[in-house]
Amino acid sequence: MVWQAVGYYMIIYIAAIQGIPNDIYEAAVIDGAGEWKQFTHMTVPLIWGILRITIIFLFI
């Protein structure tokens, strides 16, 4: 079951991450944020809506 859904969710996550503007990451680099800080404080909150939807799909 897991392997059937991996490709579907991966496409959704890739589309969500590509939808984030690069300007936000450039500003974070100027402010001195590392890659981990960018991921935890910027990427995850910006795609949180998509994460919630995929979690709901997973349980349905």
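Analyst: Helices are DSSP runs of H or I covering at least four residues, and they are numbered from the N terminus. In this predicted model, I60 belongs to the segment after α4.

User: What makes I60 buried or exposed?

Analyst: The relative accessible area of I60 is 79%. Exposed means over 50%, so I60 is classed as exposed. Its C-alpha atom is 29 Å from that of H41, at a separation of 19 residues along the chain.

User: How do you know whether helix α1 and helix α4 are roughly parallel or roughly antiparallel?

Analyst: Their axes cross at roughly 170 degrees. The label roughly antiparallel applies to angles over 145 degrees, and α1 and α4 therefore receive it. Helix α1 spans residues 2-18 and helix α4 spans residues 48-59, with the axes coming within 10 Å.

User: Which residues make that contact between α1 and α4, and what is its division into nonpolar, polar and charged residues?

Analyst: From α1 come Y8, Y9, I12, Y13 and A16, while α4 supplies I50, L51, T54, F57 and L58. Nine of these residues are nonpolar, one is polar and none is charged.

User: Why is the arrangement of α2 and α3 called roughly antiparallel?

Analyst: Helix α2 (residues 22-31) packs on helix α3 (residues 35-46) at an angle of about 160 degrees. The cut-off for roughly antiparallel is over 145 degrees, so the pair qualifies. The axes of α2 and α3 are 11 Å apart, and the crossing is right-handed. On the α2 side the contact involves I24, Y25, A28 and V29, and on the α3 side Q38, M42, T43 and L46. By residue class, this contact has six nonpolar, two polar and no charged members.

User: How do you know whether T43, a residue of helix α3, is buried or exposed?

Analyst: The relative accessibility of T43 is 7%. Buried means under 20%, and T43 therefore counts as buried. Residues up to four places away in sequence aside, T43 touches I17, I20, Y25 and Q38. One of these, I17, lies 26 residues from T43 along the chain, yet the two C-alpha atoms are separated by 7.2 Å.

User: What makes F39, also placed in helix α3, partly exposed?

Analyst: F39 has a relative accessibility of 40%. Under 20% would be buried and over 50% exposed; F39 lies in between, so the term is partly exposed. Beyond residues up to four places away in sequence, F39 touches V44 and P45. From F39 to I14, 25 residues away in sequence, the C-alpha distance is 14 Å.

User: Why is E35, which lies in helix α3, called exposed?

Analyst: Its relative accessible area of 72% is set against a threshold of over 50%, so E35 is exposed. E35 and Q4 are 31 residues apart in sequence, with 30 Å between their C-alpha atoms.

User: What makes a set of residues a nonpolar core, and which residues form the largest one?

Analyst: The members must be buried residues of the types Ala, Val, Leu, Ile, Met, Phe, Trp, Tyr and Cys, joined through side-chain atoms within 4.5 Å. The largest such core has seven residues: A16, I20, Y25, A28, M42, I47 and L51. Y25, one of its members, is in contact with I20, Q38, M42 and T43, leaving aside neighbours within four places in sequence. Y25 also takes part in the contact of α2 with α3, as A16 does in that of α1 with α4.

Note on methods
Residues are numbered from 1 along each chain as its sequence is written. This is a predicted model: local features need pLDDT of at least 70, side-chain atom pairs count only at pLDDT 80 or more; totals for chains, interfaces and linings use all residues. Side-chain values use heavy atoms; hydrogens and water are left out. Buried means under 20% relative accessible area, exposed over 50%, partly exposed in between (1.4 Å probe, protein chains only). Contact means heavy atoms within 4.5 Å. Axes are lines fitted to C-alpha atoms, for helices over the stretch in contact, and angles run from 0 to 180 degrees between N-to-C directions. Helices (H or I, at least four residues) and strands (E, at least two) are DSSP runs, numbered from the N terminus. Angles under 35 degrees count as roughly parallel, over 145 as roughly antiparallel, 65 to 115 as roughly perpendicular and the rest as oblique. A crossing is left-handed if the near helix is turned anticlockwise from the far one by less than a right angle, and right-handed if clockwise. Ala, Val, Leu, Ile, Met, Phe, Trp, Tyr, Cys and Pro count as nonpolar, Asp, Glu, Lys and Arg as charged, and the others, Gly among them, as polar.
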